[in-house]
Amino acid sequence: MKIAVIGTGYVGLVSGVCFAEIGNQVVCVDNDPSKVEMLHNGEIPIYEPGLQELANKNATTGKLLFTTDVGEAVRNSELIIIAVGTPSMPNGEANLSYIEQVAREVGSVMDGYKIVVTKSTVPVGTNYKVKEWISELTDHPFDIVSIPEFLREGTAVKDTLFPDRVIIGIDNPRVIEPLLALHQSLTENIIITDIRSSEMIKYASNAFLATKISFINEIANICEKVGADVTKVAEGMGYDKRIGHSFLQAGIGYGGSCFPKDTEALIQIAGNVDYEFKLLKSVVEVNKDQRFNVIHKLEDALGTLNGRTIGIWGLAFKPNTDDVRDAPAIDIINTLVTKGAYVQAYDPIAMDNFRNVLNVPEIKWSKSAMEAAEGCDAICLLTEWAEFAEIELIDLASVMKQPVMIDGRNVYGSKEIENSPFVYYSVGRPNLNTIDDDKRVVSILH
Ligand code: NAD
């Protein structure tokens, strides 16, 4: 099939590369000329494991092209995929201006029948707006289709080539055959439904996963007070097939470009039809608070944060991505700086992106995890990159001013900590090496 993918970000680029990989002729379009130039030079503007090799392979064979020219791409394609961003507006609603712009551009250059697929996450009913925007500018026939995307950054290539399911929302049965043909090599779980249900499946899925995260984080907060261990609680819960193990890892809450904006957007979608989504509002509130527990634990350990040096391990919202959109590290570092602390930050991949979001003189950018820890009053682990778990705690303690760790992702095991000099706070587990007040390194330093 000849496919144009408009919007060459995390979703569009991965989708375009993978559709080329399974035998289609794909052109990826972006209105950012610097991105397209990078792609022409064989460089990938985002960090996503496995993407570079696959993109280069398909670009070399000519199955994958890149352009800024929407007209040329649309005219040469049978299927148009819209994959531009739908960021939050200040009231939480999804900003559809990028979708509208693309729909109108598509409408203005159509030269015959096309299938127009929206892959971006859009509020219920948006595909019908896309239909209107296109119709206003063309008399050529076309069909709209909603195929929401479920890939996860960090495993996006695998998720796209081997998805759990593909949802296809249609309002004309003639698109079923070509769309089944396009997706049938990827999965057997292809759900054909109406457009509104398809749009809602995406929001409901993300809201449910966010709910699981906030739920286990609240359980973790209670575990801390009653002396239980949330990792054991989650393990015990997860064996119940109705519950499952995934998304029950307590931590400092969800971030990234999807869960925060999609939960806010679903609250607005409900509000627009006079329904108050009370449960989801609480999920969002719990998540907003959870990241600040890092600050509370630091204050418990150190007293004042004014003048302290705090090491930060991990800036991306999760490991294996360079995406820092709504990463907990942004709020945590901002608060530390406001409270008068100095920050030594390190992330294996996301440093450049983070610097574009938050760059103040109080932050020193470190070249390694150990460099970030040097001379620190405490180290905070915010993203569970694999390399952090491999660091010997004895070596780590030897470069710090005092061995205090706030582990926001429960990376270290209790045995490792017990055999180390660390005063250790994690999430929903008993704090370790802090029992005997006289021995608390930090209580002496207060
Ligand atoms: P992104 O910001 O990484 O990419 C969007 C791209 O669209 C950018 O490269 C931008 O330059 C380009 N663009 C904007 N306007 C354009 C126009 N008029 N013409 C051509 N290109 C244009 O966004 P993303 O993370 O890929 O997300 C895209 C959509 O997919 C969002 O709705 C998001 O909610 C959804 N989604 C994202 C993920 C994820 O993990 N990132 C997962 C599932 C769904």
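How many nonpolar, polar and charged residues does the lining of the second largest pocket have? In this predicted model, the lining has seven nonpolar residues, four polar ones and two charged ones, and the legends below begin with that pocket before turning to the sheet.

**View 1. The second largest pocket and the residues nearest its centre.** The second largest pocket has a volume of about 210 Å³, and 13 residues line it. Of these lining residues, Glu 93, Pro 123, Val 124, Ile 269 and Asn 272 lie nearest the centre of the pocket. Two or more lining residues come from each of the elements α6 (126-135) and α11 (259-272), and α11 gives the most, with four residues.

**View 2. The open sheet of six strands.** Read across the sheet, the strands follow the order β11-β10-β9-β12-β13-β14, and their pairing is parallel. The edges are formed by β11 (363-365) and β14 (423-425), each of which pairs on one side only. From one strand to the next, the twist averages 20°.

**View 3. The pairing of β9 with β10.** Strand β9, which spans residues 309-313, runs parallel to strand β10, which spans residues 342-346, and five bridges join the two. Within this pairing, Ile 310 has Val 343 of β10 as its bridge partner.

**View 4. Helix α13 across the sheet strands.** Helix α13, made up of residues 293-302, lies across β9, β12 (378-381), β13 (404-407) and β14. With respect to β13, the helix runs at about 160°. Among the strands that α13 lies across, β14 is also one of the edge strands of the sheet.

Definitions and conventions:
Residues are numbered from 1 along each chain as its sequence is written. This is a predicted model: local features need pLDDT of at least 70, side-chain atom pairs count only at pLDDT 80 or more; totals for chains, interfaces and linings use all residues. Side-chain values use heavy atoms; hydrogens and water are left out. On a 1 Å grid over the protein atoms alone, a cavity is a set of points where a 1.4 Å probe fits but cannot get out, and a pocket is an open set with protein on both sides within 12 Å along at least five of seven lines; lining residues have an atom within 4 Å of a point. Grid points are joined across faces, edges and corners, and a volume is the space filled by probe spheres set on the points. Ala, Val, Leu, Ile, Met, Phe, Trp, Tyr, Cys and Pro count as nonpolar, Asp, Glu, Lys and Arg as charged, and the others, Gly among them, as polar. Two strands pair if DSSP finds at least two bridges between them. Axes are lines fitted to C-alpha atoms, for helices over the stretch in contact, and angles run from 0 to 180 degrees between N-to-C directions. Contact means heavy atoms within 4.5 Å.
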